[in-house]
Amino acid sequence: MLTMAKVCAVCGKRPIVRNKLVQSGKAKREGGVGKKTTGITKTWKYPNLQRVKVWRGGHARTLRVCTSCIRQGKTLAA
């Protein structure tokens, strides 16, 4: 199995790109003329990966697994 940085070895969860908006102004519901976008910055969201020992084929291997897979018990069956 090929391992990659910042990717879950069980479910394949990987970093995602998102936009961070900076807004100014007062909302219409608060009596203003509406919010205006004054800046857009690209940011990354990374999965919460932990190193876990997993038994595969009678051998212990250290894999990088996201915490949601650990909580669901997917590392036990992997």
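**Notes on the predicted model**

1. Let's start on the surface: Val 17, Trp 44 and Tyr 46 make a nonpolar patch of about 330 Å². A patch here takes residues with over 30% relative accessible area and no salt bridge, joining nonpolar side chains (Val, Leu, Ile, Met, Phe, Trp, Tyr) within 5 Å and like charges within 9 Å. A salt bridge means a side-chain nitrogen of Lys or Arg within 4 Å of a carboxyl oxygen of Asp or Glu. The areas come from the Shrake-Rupley method with a 1.4 Å probe, and for residues only the protein chains shown count as cover.

2. Before going on, a word on the source: this is a predicted model, where local features need pLDDT of at least 70 and side-chain atom pairs count only at pLDDT 80 or more, while totals for chains, interfaces and linings use all residues. Residues are numbered from 1 along each chain as its sequence is written, and side-chain values use heavy atoms, leaving out hydrogens and water.

3. Where does Trp 44 lie? Look in strand β2, residues 36-45. Strands (E, at least two residues) and helices (H or I, at least four) are DSSP runs, numbered from the N terminus. Trp 44 counts as partly exposed because its relative accessibility is 49%; the scale is buried under 20% relative accessible area, exposed over 50%, and partly exposed in between (1.4 Å probe, protein chains only).

4. There is a charged patch as well. Lys 13, Arg 18, Lys 45, Arg 71 and Lys 74 gather in a surface patch of positive charge. For this, Lys and Arg count as positive and Asp and Glu as negative, with His and the chain ends not counted. Each charge is placed at NZ of Lys, CZ of Arg, CG of Asp or CD of Glu. One of the patch members, Arg 71, sits in helix α1 (residues 67-72). With a relative accessible area of 67%, Arg 71 is exposed.

5. Now the cysteines. How many disulfides are there? The count is 0, where a disulfide is a pair of cysteine sulfur atoms within 2.5 Å. In chemical terms, a disulfide is a covalent bond between the sulfur atoms of two cysteines. Cys 8 has its closest cysteine sulfur in Cys 11, but the two sulfurs are 3.6 Å apart, so that is too far for a bond. Likewise, the sulfur of Cys 66 is 3.4 Å from the closest one, in Cys 69, again too far. Cys 8 is buried at 3% relative accessibility, and Cys 66 is buried at 1%.

6. Check the backbone at Lys 6. This residue has a positive phi of about 60° although it is not a glycine. Lys 6 is in the segment before β1, and is partly exposed at a relative accessible area of 40%.

7. The loop between β1 (16-24) and β2 holds Lys 35, and Gly 31 is in the loop between β1 and β2 too. Lys 35 is partly exposed at 46%, whereas Gly 31 is exposed at 65%. From Lys 35 to Val 22 is 13 residues in sequence and 9.9 Å in space, C-alpha to C-alpha. For Gly 31 and Arg 64, 33 residues apart along the chain, the C-alpha atoms are separated by 50 Å.

8. Finally, try Asn 48, in the loop between β2 and β3 (49-56). How far apart are the C-alpha atoms of Asn 48 and Arg 14? The separation is 9.7 Å, with their positions 34 residues apart along the chain.
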